[in-house]
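These are my notebook entries on one predicted protein model. I record what I looked up, entry by entry.

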Amino acid sequence: MLKIVIADTSCFIVLEKIQQLPILQKIYLEVITTPEIQIEFANPLPNWVSIQSAKNSNLQQELESKLDRGEASAIALGLELPNSTIVLDDQRLVKLQNNII
């Protein structure tokens, strides 16, 4: 079982549409998202999803100049949490990946 996943809005939307949101809880020990993603999702999240903000607001703001606010918050938080996996679907990340880390 993997340790931590930081799920983006699209992850929640797709899994909810196919009624498979609980799969995240089965695969990961901890499921986290950010307040920005929670707002974007606009539906109640299960109680097993933790909401956590990134501490490095400067990095998040820098990423927001290049990415969606939700993705920026997920990446900023993911860089702070060791052994975490981030689930994203933004193609712009391919171009940015070498500049983020």
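**Entry 1: strand pairing.** I began with strand 1 (residues 2-7), which pairs with strand 2 in the parallel sense over four bridges. I took strands and helices as DSSP runs numbered from the N terminus, with at least two residues (E) for a strand and at least four (H or I) for a helix. Two strands are said to pair if DSSP finds at least two bridges between them. Within this pairing, I4 stands opposite E30 in strand 2.

I note the basis of the entries here: the model is predicted, so that local features need pLDDT of at least 70 and side-chain atom pairs count only at pLDDT 80 or more, while totals for chains, interfaces and linings use all residues. Residues are numbered from 1 along each chain as its sequence is written, and side-chain values use heavy atoms, with hydrogens and water left out.

**Entry 2: residue E30.** I located E30 in strand 2 (residues 28-33). Leaving aside residues up to four places away in sequence, E30 touches K3, I4, V5 and S50; contact means heavy atoms within 4.5 Å. I also looked up the spacing of E30 and V49: the two are 19 residues apart in sequence, and their C-alpha atoms are 7.6 Å apart. Is E30 buried, exposed or partly exposed? E30 counts as partly exposed because its relative accessibility is 34%. The classes are buried under 20% relative accessible area, exposed over 50% and partly exposed in between, with a 1.4 Å probe and protein chains only.

**Entry 3: the sheet and its helices.** I then traced the whole sheet, which is open, has four strands in the order 3-2-1-4 and shows parallel pairing. Its edge strands are strand 3 (49-51) and strand 4 (84-87), each of which pairs on one side only. From one strand to the next, the twist averages 30°. Helix 1 (residues 9-17) packs on this sheet and touches strand 1, strand 2, strand 3 and strand 4, its direction making about 100° with that of strand 1. Angles run from 0 to 180 degrees between N-to-C directions, and axes are lines fitted to C-alpha atoms, for helices over the stretch in contact. Helix 5 lies across strand 1, strand 2 and strand 4, and runs at about 170° to strand 4.

**Entry 4: helix 1 and the aromatic pair.** In helix 1, I found T9, S10, C11, F12 and L15 to be buried. The buried residues of this helix pack against strand 1, helix 2, strand 2, helix 3, strand 3 and strand 4.

How many aromatic pairs are there? The count comes to one. Rings of Phe, Tyr and Trp (its six-membered ring) pair if their centres lie within 6.5 Å; planes under 30 degrees apart count as stacked, over 60 as edge-to-face and the rest as tilted. The pair is F12 with F41, tilted, at 5.6 Å centre to centre and 45° between the planes. It links distant parts of the chain, F12 in helix 1 and F41 in helix 3 (residues 35-41), 29 residues apart. F12 counts as buried because its relative accessibility is 0%; F41 is buried too, with a relative accessible area of 5%.

**Entry 5: helix 4 against helix 5.** I looked up how helix 4 (residues 57-64) packs with helix 5 (residues 69-80): the angle is about 140° and the axes are 8 Å apart. The contact is made by L59, Q60, L63 and E64 of helix 4 with R69, A72, S73, I75, A76 and L79 of helix 5.

**Entry 6: positive phi.** Most residues other than glycine have a negative phi. I noted Q19, which is not a glycine yet has a positive phi of about 55°. Q19 lies in the loop between helix 1 and helix 2 (23-27), and is exposed, with a relative accessible area of 68%. A42 also has a positive phi, near 65°. A42 sits in the loop between helix 3 and strand 3 and is exposed, with a relative accessible area of 60%.

**Entry 7: the chain as a whole.** I closed with the totals: six helices and four strands, running β-α-α-β-α-β-α-α-β-α from the N terminus on. Buried residues make up 41% of the 101 residues in the protein chain.
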